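Visitor: Could you take me through one part of this structure in detail, along with its surroundings? I would like to see how the pieces pack against each other.

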Amino acid sequence: MMIYGTALLAICTLIGISIGEALGSLLGVRANVGGVGFAMLLLILSTTWLIKKGRLKPLTAEGIQFWSGIYIPIVVAMSAKQNVVVAMKGGPAAIFAGVVGVAISFAMIPYVNRIGQSKKSVPKVRQEEPRSGVS
Amino acid sequence: MMEFLAKTFEANGLLTAFFIVGVLMWFSYWISNTLTGGRLHGSAIAVFGGLVLAYVGGVMTGGKNGITDIPFFAGLGLMGGAMFRDFAIVATAFGASFEDLKRSGFSVMVSLALGITLSFVGGVGAAYAFGYHDAVTLCTIGAGAATYIVGPVTGTALGASSEAIALSIAAGLVKAIVVMIATPHLAKRLGLDNPHTAMVYGAMMGTHSGIAAGLQATDPKLMPYGLMAAAFYTGLGCLVCPSLFYFILLKLFPV
């Protein structure tokens with residue numbers, strides 16, 4: 001059933017965010033320390049385990065994939081509720097912030113690519129068009 | 001009749017939001033295909049559209065919550081709220097596996113760490129230069145320079161202002177667009193013609209929409225490799241930006 005996947009996703013998210021909250025109070029900061037990251041870690045670990053056991057049915061997977069498929073629309077909605085009028089004065093900062101990092105990163109690719117050149121192994125991937133919306 | 005329609009739309013805000021965003025997505029992909037030949041990915045245009053809506057709403061109402069201050073659009077606040085957002089972002093990790101990451105080799109892991117760090121440092125540097133000097137705002141904009149997902153996740157986790165979160169989305173959007181446009185032109189110089197380099201590139205850039213459009217224009221067969229690395233980038237970014245990186249910034253810029 002699809003709800004199994006959605007339920008798994010929900011509990012991973014809830015536990016991950018709780019870990020973030022706990023870490024925040026442990027470290028004495030008013031912040032959720034890495035909660036979403038922990039949640040993603042939990043989802044990867046639990047689904048990998050289920051797949052290995054052969055227990056992750058396609059319908060269950062769909063209950064997760066739907067949410068992954070509408071993350072861009074959700075980000076669009078999130079963008080639409082921000083205080084952009086005030087943020088406009090910081091516009092140049094945002095543009096520079098975006099450009100600087102990407103320029104350095106591009107410049108580094110050829111160097112990093114040479115690390116471990118001898119064994120150019122890659123994992124198998126499915127060759128298919130990604131679902132629209134997941135982008 | 002119009003009166004009843006308006007009442008229904010406002011009373012069922014989340015459904016109205018699904019409809020509005022759906023139309024916006026359709027329009028953005030239409031622009032992407034017809035005006036840019038797919039070079040500018042529809043998702044980037046849609047996120048930009050979201051920011052434009054927020055601006056219009058802010059000007060019309062004088063409020064702080066973008067377009068959601070207009071009752072008809074209020075549902076966008078729920079749809080784009082932290083709960084749904086975190087839920088959907090966590091879901092994007094599905095399909096990634098650590099075995100694949102191990103198999104892809106040391107250089108991909110180095111690129112992941114380096115890619116996030118460089119973007120973050122670049123973003124923080126730019127924000128600092130433009131007069132933002134508190135750790136929370138710097139961290140949010142720096143994380144936004146990683147991707148427009150990591151930015152808002154970090155901003156919400158740290159309790160950043162809506163202004164800082166908007167800037168982090170904008171920074172991530174600029175990055176995504178630069179990656180989309182620059183990739184096909186730089187592909188030859190980067191040696192971007194094999195799966196391994198595509199994974200290094202994906203791990204270095206991390207922006208999902210940027211990589212998708214960039215590799216689509218370079219060699220669509222490389223896309224799954226770049227996107228797999230990008231999934232790890234988002235996860236690692238959401239993990240280290242509102243933790244390790246924030247603590248380092250707190251040391252450098254005490255409250």
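Guide: Happy to: we will look closely at one helix of chain A and then follow its surroundings into chain B. Please keep in mind that this is a predicted model.

Let's start with helix 4 of chain A, which is mostly covered, with ten of its ten residues buried. Reading along the helix, these buried residues are A:Tyr71, A:Ile72, A:Pro73, A:Ile74, A:Val75, A:Val76, A:Ala77, A:Met78, A:Ser79 and A:Ala80.

What does this helix pack against? Its axis and that of helix 3 (residues 42-61) of chain B come within 7 Å and cross at roughly 25°. With angles under 35 degrees counted as roughly parallel, helix 4 of chain A is therefore roughly parallel to helix 3 of chain B. The crossing of helix 4 of chain A and helix 3 of chain B is right-handed. On the chain A side, the residues that meet helix 3 of chain B are A:Ile72, A:Val75, A:Val76, A:Ala77, A:Ser79 and A:Ala80. Their counterparts in helix 3 of chain B are B:Ser43, B:Ala46, B:Val47, B:Gly49, B:Gly50, B:Leu51, B:Leu53 and B:Ala54. By class, this helix pair brings together ten nonpolar and four polar residues, with no charged ones.

Now let's step back to the whole contact between the chains. It takes 77 residues from chain A and 107 residues from chain B. Helix 4 (71-80) of chain A is one of the helices that each supply at least two residues to the side of chain A touching chain B; the others are helix 1 (2-26), helix 2 (35-53), helix 3 (58-69), helix 5 (84-87) and helix 6 (91-113). The largest share of that side, 20 residues, belongs to helix 6 of chain A. Sorted by class, the side of chain A that touches chain B holds 48 nonpolar, 24 polar and five charged residues.

The domain layout helps with orientation. Chain A is divided into domain 1 (2-81) and domain 2 (83-114), and 27 Å separate their centres, taken over C-alpha atoms. For chain B, the assignment gives domain 1 (2-80) and domain 2 (99-252), with C-alpha centres 25 Å apart. The contact between these two domains of chain B takes ten residues from domain 1 and 15 residues from domain 2. On the domain 1 side there are five nonpolar, three polar and two charged residues.

Chain B also offers a helix pair to set beside the one we began with. The axes of helix 11 (residues 195-205) and helix 13 (residues 223-252) of chain B come within 7 Å and cross at roughly 30°. These two helices of chain B are therefore roughly parallel to each other, and helix 11 passes helix 13 in a right-handed crossing. The residues of this contact divide into twelve nonpolar and two polar, with no charged ones.

Let's finish inside helix 13 of chain B, where B:Cys241 lies. B:Cys241 is buried, with 30 other C-beta atoms within 10 Å. Leaving out residues up to four places away in sequence, B:Cys241 touches B:Phe120, B:Cys139, B:Ala143, B:Ala146, B:Val150, B:Thr154 and B:Tyr246. B:Ala143 is 98 residues from B:Cys241 along the chain, while their C-alpha atoms are separated by 6.1 Å.

Terms used. Residues numbered from 1 in each chain as written. Chains lettered and ligands numbered in written order. Predicted model: local features only at pLDDT ≥ 70, side-chain atom pairs only at ≥ 80, totals over all residues. Contact = placed C-beta atoms within 7 Å. Helix = DSSP H or I, 4+ residues; strand = E, 2+ residues; numbered from the N terminus. Nonpolar A, V, L, I, M, F, W, Y, C, P; charged D, E, K, R; others polar. Buried ≥ 20, exposed ≤ 12 C-beta atoms within 10 Å, placed from the backbone. Axes fitted to C-alpha atoms, helices over the stretch in contact; angles between N-to-C directions. Parallel < 35°, antiparallel > 145°, perpendicular 65-115°, else oblique. Left-handed = near helix turned anticlockwise from the far one by under 90°. Domains from an automatic or database assignment.
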